[in-house]
Amino acid sequence: MLYTNLRDATGNPVALRCEAGKIVEIGPNLAGGPEMDGGGRLLMPAFVEPHVHLDKTLYGEPWMATSAGPALRDYIDNERRVLARQTTPISVRAGKLLERMLCYGTTAIRSHIDVAPDIGVKHVEAMLELRAVWRDRIDMQFVAFPQTGLLSQPGTADLMRQAMTMGVETVGGLDPAGIDGDPDGQLRLIFGMAEEFGAGLDIHLHDKGELGAWQIERIADYTQGAGLQGRVMISHAYCLGMIPEWRLEKIGRRLADLQISLMTSAPAETPIPPVQPLTEMGVTVCCGSDGIRDSWSPVGNGDMLERAFFTAYKYDWGRDSEFALALACATTHAARAIGLAGYGLAPGNRADFLMIDAETPGDALCRRPHARRVVRAGRVVAKDGRLV
Ligand SMILES: [Zn+2]
């Protein structure tokens with residue numbers, strides 16, 4: 001199939017030929033074979049969601065505003081109560097959200113999955129089944145996530161090992177100091193587990209200021225020690241937005257050397273890792289939704305174009321180069337951060353892309369139009385917000 005009459009990010013005409021699910025040719029003047037007219041739409045690579053909690057979404061359930069907080073522990077305890085009350089299966093809630101995400105143009109996802117003594121590996125079982133159902137439409141990677149603590153919750157480490165044996169790819173971590181009160185203990189455990197399973201790591205780090213920055217340096221030490229360059233992501237890392245410039249520079253260089261990537265959900269009020277300077281230092285910074293419509297917050301809709309917009313909005317960005325960076329956080333940077341192979345608008349890569357009714361990437365971010373055609377492996381799978 002030849003997709004014609006499209007425009008690239010700079011406004012130039014472009015066409016794209018797909019064969020056997022891959023892009024085989026991309027250029028301004030392609031002709032021949034069956035064609036689909038793109039109607040002058042903007043061509044974009046499909047979105048990559050690098051951080052979501054599909055197993056805990058309440059998508060499709062009645063409205064529920066936030067009732068927890070203010071401490072992290074309050075949110076966690078509240079969540080256990082809310083999840084215990086749910087009667088709609090994970091496959092239904094997460095399935096509805098996946099459908100929405102695909103309609104918005106996301107074809108690859110990394111989801112954390114809770115592993116904890118109160119639920120065992122129940123969420124893992126449900127998510128593995130869901131992955132099998134969705135495998136042709138969305139790539140899914142999983143992280144075994146110790147949401148209620150690791151060392152502070154005896155039994156969790158064994159459950160995480162069980163999850164890894166069942167088919168989860170990545171070892172998770174959570175505030176080694178703030179939640180477990182034993183930073184070296186947790187890092188030793190999760191890096192040991194990563195080595196045991198030949199896996200990468202994705203660590204939630206909410207700990208702020210110097211405590212957080214110190215842990216990032218320890219994560220860098222452990223990454224270097226385990227030879228896990230390019231396989232570690234730190235999620236949130238608010239602390240990097242709270243330290244002096246010289247210290248950020250020092251840590252940023254180290255993260256770039258060790259190819260440790262960062263994920264931000266671009267929250268409005270909390271400082272976040274400064275995206276531009278870190279990107280210039282060579283750090284892969286991506287943006288992700290985190291929880292979508294769950295007990296932590298009803299905010300979020302699964303649209304990565306909106307998440308990229310939040311990233312731009314956070315910094316008052318308005319230049320085309322800045323919008324391009326925000327979009328990269330939801331596409332190319334996110335793909336690199338989760339180690340997604342064969343991604344992007346180039347010959348040889350899988351034909352996952354969007355045709356969107358927008359003038360430029362900046363226009364797409366600012367308006368977030370619903371008029372999108374989503375192509376997965378060379379075929380249109382969603383049109384104007386509905387599955388085809
Ligand atoms: Zn998260």
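Into which domains is the protein chain divided? My notes on this predicted model follow.

1. On the domain split: domain 1 is made of two stretches, 2-45 and 344-387, while domain 2 covers 47-337. Their C-alpha centres sit 29 Å apart. The contact between them draws on 20 residues of domain 1 and 19 residues of domain 2.

2. Now the domain 1 side of that contact. The elements giving two or more residues to it are helix H12 (361-367), strand S14 (372-376), strand S15 (379-383) and S16. H12 is the biggest giver here, with five residues. By residue type, this side of domain 1 splits into eleven nonpolar, four polar and five charged.

3. Stepping back to the whole chain, you'll find twelve helices and 16 strands. The radius of gyration comes out at 20 Å, close to the 21 Å that the globule rule gives for 388 residues, so the chain is as compact as a globular protein of that length. The C-alpha atoms fill a box of roughly 60 × 50 × 40 Å along the principal axes.

4. On burial and contacts: 49% of the 388 residues count as buried. Take the contacts between residues at least 6 apart in sequence, and 75% of them join residues at least 24 apart.

5. Next, the eight-stranded sheet. It is open, with mixed pairing, and its order reads S3-S2-S1-S4-S13-S14-S15-S16. Strand S3 (22-27) and strand S16 (386-387) are the edges, each pairing on one side only. S16 is also among the elements that domain 1 brings to its contact with domain 2.

6. Within that sheet, have a look at the S4 and S13 pair. Strand S4 (residues 35-45) and strand S13 (residues 353-356) run antiparallel and are joined by four bridges. To find the register, start from Met44, which stands opposite Leu354 in S13.

7. Which strands does S6 join through bridges? Strand S5 (residues 47-52) is one of them: it runs parallel to S6, with four bridges between the two. Strand S7 (residues 139-145) is another, also parallel to S6, and here there are seven bridges. Ser111 is a handy marker for both pairings: Val52 stands opposite Ser111 on one hand, and in S7 the bridge partner of Ser111 is Phe142. The chain gets from S6 to S7 by way of helix H3 (residues 122-134), a β-α-β crossover that is right-handed.

8. Is strand S6 mostly covered or uncovered? Mostly covered: S6 spans residues 106-114, and nine of its nine residues are buried.

9. Finally, helix H9 (residues 304-314). Eight of its eleven residues are buried, so the helix is largely enclosed by the rest of the structure. The buried ones are Met304, Leu305, Arg307, Ala308, Phe309, Phe310, Thr311 and Ala312. Note that Arg307 is on that list of buried residues. Just after H9, check the backbone at Asp316, which takes a positive phi of about 60°.

Conventions. Residues are numbered from 1 along each chain as its sequence is written. This is a predicted model: local features need pLDDT of at least 70, side-chain atom pairs count only at pLDDT 80 or more; totals for chains, interfaces and linings use all residues. A residue is buried if 20 or more other C-beta atoms lie within 10 Å of its own, exposed if 12 or fewer, and partly exposed in between; C-beta atoms are placed from the backbone. The radius of gyration is taken over C-alpha atoms; the globule rule is 2.2 Å times the number of residues to the power 0.38. Two residues are in contact if their C-beta atoms, placed from the backbone, lie within 7 Å. Two strands pair if DSSP finds at least two bridges between them. Domain bounds come from an automatic or database domain assignment. Ala, Val, Leu, Ile, Met, Phe, Trp, Tyr, Cys and Pro count as nonpolar, Asp, Glu, Lys and Arg as charged, and the others, Gly among them, as polar. A crossover is right-handed if, with the strands pointing away from the viewer, the path from the first strand over the helix to the second runs clockwise.
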